[in-house]
Structures are given as C-alpha cells and as structure tokens.
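Welcome! Please open the structure in your viewer and keep the selection tool at hand, and we will walk through it together.

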Amino acid sequence: MKIVVIEPLGVEEKRFMEIARAAVGDEHEIICYDTRTTNADELGKRGKDADIIAIGNLPFPREVLERCENLKMLAVAFTGLDHVDLKYCGERGIKVQNCAGYATTAVAELTFGLIISLYRNMVACDTATRKQGTKDGLIGFELEGKTLGVVGTGAIGTRVIGIAKAFGMDVIAYNRTPGKVEGVKYAGLEEVLAQSDIVSLHVPLTDETRGMIGAGELSMMKPTAVLINTARGPVVETQALADALKDGTIAGAAIDVFDSEPPVAADDPLMTAPGTVLTPHVAFATKESMIKRAIIEFDNIAKFIAQN
C-alpha cells in the first residue's frame, strides 16, 4: 500500500521512519511531506494515489477527501477528530483512526502549568523582575485546599484529578456519562461551576459540547474563580468569556485552544481580556508525546493493513 504522511508530525525524519518501518515493514511505500499546507489543490495532489493518509490536526474537509481517490484509511495523529469530515468518510467507507492516549500526560501537565501561572502571577512576576520591580501587587494563592472542578473525566481529566490530589486539592467533577473515577464526587455542571475555585475543561468538541460554557455558565462561577481550557476552543463562547473577564464575573482564564488554530487573530477578544494566560495550542506537544503518537499512528496503520 501507499502511505502518505501529508504533513510533518513533529518527529525527526530518521526516527520517524524507524518507527514506521518497524510497524509496517519494507514492502509498503511511505512518502513524508515536510511542509504543512491547507491548500486543497496541493493536498489533493499529495493524497491522490494514497491508500492511507496520515495527518495531525490539519483540517481535512470533503473538498480534500474527494480528491484522494484511492483512500482507504485516514490515520489521525491526534486525539480529536473534529477537523475531519467524518460523514464523508463514512459515506466512502474510509476508516478513520485517532491516536488516543498519546497526549494524556502532556495535556494534564500543561493544565497545571497554566493553573500555577495564573495562581502565582508568573507572567506578571517575570515582567516585574525584568523591569527591576518587586513582588508588590503580585501575591498569589496556594492550590492546597482549593476546589478543582473537572469537566470531562476521560483519560486526560482523570490524570488531572490525580495531579490535583497530589497538590492537596478537593475535586468535584462533571461527566456527560456516569463518572467512573474512584473517590471523586460527581455533580451536575451547574454545581461544579458554582463550587469550584478552578474549572478545567477536558471534553471533546461535539454538537453537544459546542458552546457549553457561555455567559450563563460563566455567571454561575465564583468571582474569584478561574477557567482553564486545554480541550477545544469552541467549547467556550469566546466573546462571553472575554466579557466575563472584563466585567469581573470571573477572575481569570488560561486558554490553549481557540475558535481556530493559531496564529490567533489580533482582534480575537481574548487577546485584550484581562487576567489571561494564552498559549498557542501547545498542550499536546512535547518531545515525548510526538514519539508516542508516531508509534500509535503506525501501529494503527499496521493493524489496518493486516486486516485488509
């Protein structure tokens, strides 16, 4: 089969090919592109003759899929699948497989990096130090004894809960299906929002979760609370969050995901909202996670080949 890695996946080429060949052997053609593009014509040329295409979080809509005439499998080196036209893939019988689990550690760890950054004013402290300033006005808060509300207790949410307990935090959680994390109190979303000092989102983007945190939900939170979003941008209504930060409805927010992939537009409401720490969708991206997902990606491809 012809396997096309249609965008770079964050692993040095030699190491990447070692992983790929170890999984699928030498009898299959593997072509790797080292540039990322969203141009439909170019993507169509790259994928035209491919039996299997590997992507990361590159948008892959119908207009691109239609040009990939031989496509049998779309191997997605990402956890979410909201950037793929799953309906069209179903119509064509194209197998779509994600890389569940590769970024669990990376996202959970950045979640706490963002929480600590907000709670200890780390960005402002850095700025003050470089300007020969002091700690005046920069006294922070401790995590111990605070209540963390975890919205979504899949693999990442569960890992976040484990870290929270190590910090001595109380945890309350909301899950759309019955929660299974032992020793954690589950409650409705309204109760989680109202009781939490910190709310951390860990849900996929679906029709059900799109806009699940809007003005009404933000108004339920404590005025001293902060919101962390390392899930998907559209889970939160951007303008509503910016307004809530500006009028003091909540105290702060740390955001790694936006309505569209970075670079974030200069006029995005969060760019000028107070009390924010913004990162460019980097939670999943560590040296270790990139290796993990390459291994999972080609294991998935190898299994597909073996079954076909």
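What follows is a tour with a few stops, each with something to select. Bear in mind along the way that this is a predicted model.

**Stop 1: the largest pocket**

Begin by selecting Thr79, Gly80, His202, Val203 and Pro204. Among the 35 residues that line the largest pocket, these lie nearest its centre. The space in this pocket comes to about 740 Å³.

Now colour α5 (104–119) and α7 (155–166), the elements that give two or more residues to the lining. Which of them gives the most? That is α7, with three residues. If you colour the lining by class, you should find 17 nonpolar, 14 polar and four charged residues.

**Stop 2: the second largest pocket**

Next, select Asp82, His83, Arg232, Asp259 and Glu261. They are the closest to the centre of the second largest pocket, which has 15 lining residues. About 290 Å³ of space lies here. Its lining divides into six nonpolar, five polar and four charged residues. Keep Asp259 selected, please, as we will meet this residue again.

**Stop 3: a cavity**

How many cavities of 30 Å³ or more are there? The count comes to one, and the volume of this cavity is about 70 Å³. To see what surrounds the cavity, select its lining: Asn229, Gly233, Val236, Thr238, Leu241, Ile255, Val257, Phe258, Asp259, Asp268 and Leu270. There is Asp259 again, one of the residues lining the cavity and also one of those closest to the centre of the second largest pocket. By class, the cavity lining has six nonpolar, three polar and two charged residues.

**Stop 4: the nonpolar cores**

Here is a general idea to carry with you: in soluble globular proteins, nonpolar side chains tend to be buried together. To look at such a group in this model, select Ile53, Phe60, Leu74, Phe298 and Ile301. These are the residues with the most contacts inside the largest nonpolar core, which has 47 residues. Several elements give two or more residues to this core, including β1 (2–5), α1 (13–24), β3 (52–55) and β4 (73–76). The largest share comes from α11, with six residues; you can find α11 at 287–307.

Zoom in on Leu74 and show its neighbours. Leaving aside residues up to four places away in sequence, Leu74 touches Ile53, Ile55, Phe60, Leu65, Val84, Ile94, Lys95, Val96 and Gln97. Another core, of 31 residues, lies apart from the largest one; to find it, select Leu205, Ile213, Leu245 and Ala273, which are among its members.

**Stop 5: along α5**

Go back to α5, which you coloured at the first stop. This helix has 16 residues and reaches 23 Å from its first C-alpha to its last, close to the 22 Å expected at 1.5 Å a residue. Show its side chains and look for the buried ones, among them Thr104, Ala108, Phe112, Ile115 and Tyr119.

Now select Leu143, in the loop between α6 (122–130) and β6 (147–151). Is Leu143 buried or exposed? Its relative accessibility is 7%, so Leu143 counts as buried. Not counting residues up to four places away in sequence, Leu143 touches Phe112, Ile115, Ile116, Tyr119, Phe167, Met169 and Ile198. Try a distance tool on the last of these: the C-alpha atoms of Leu143 and Ile198 are separated by 9.5 Å, although the two residues are 55 residues apart along the chain.

**Stop 6: some backbone details**

Another general point helps here: most residues other than glycine have a negative phi, and most peptide bonds are trans. Let us visit some exceptions.

- Select Asn121, in the loop between α5 and α6. Asn121 is not a glycine, yet its phi is positive, about 55 degrees. This residue is partly exposed, with a relative accessible area of 25%.
- Move to Gln132, in the loop between α6 and β6. Its phi is also positive, near 60 degrees. With a relative accessible area of 68%, Gln132 is exposed.
- Finish at Pro262 and Pro263, which are joined by a cis peptide bond with an omega of about 10 degrees. Pro263 lies in the loop between β11 (252–255) and β12 (276–278).

Terms used
Residues are numbered from 1 along each chain as its sequence is written. This is a predicted model: local features need pLDDT of at least 70, side-chain atom pairs count only at pLDDT 80 or more; totals for chains, interfaces and linings use all residues. Side-chain values use heavy atoms; hydrogens and water are left out. On a 1 Å grid over the protein atoms alone, a cavity is a set of points where a 1.4 Å probe fits but cannot get out, and a pocket is an open set with protein on both sides within 12 Å along at least five of seven lines; lining residues have an atom within 4 Å of a point. Grid points are joined across faces, edges and corners, and a volume is the space filled by probe spheres set on the points. Helices (H or I, at least four residues) and strands (E, at least two) are DSSP runs, numbered from the N terminus. Ala, Val, Leu, Ile, Met, Phe, Trp, Tyr, Cys and Pro count as nonpolar, Asp, Glu, Lys and Arg as charged, and the others, Gly among them, as polar. Buried means under 20% relative accessible area, exposed over 50%, partly exposed in between (1.4 Å probe, protein chains only). Contact means heavy atoms within 4.5 Å. A nonpolar core is a set of buried Ala, Val, Leu, Ile, Met, Phe, Trp, Tyr and Cys residues joined through side-chain atoms within 4.5 Å. The expected span of a helix is 1.5 Å times one less than its number of residues.
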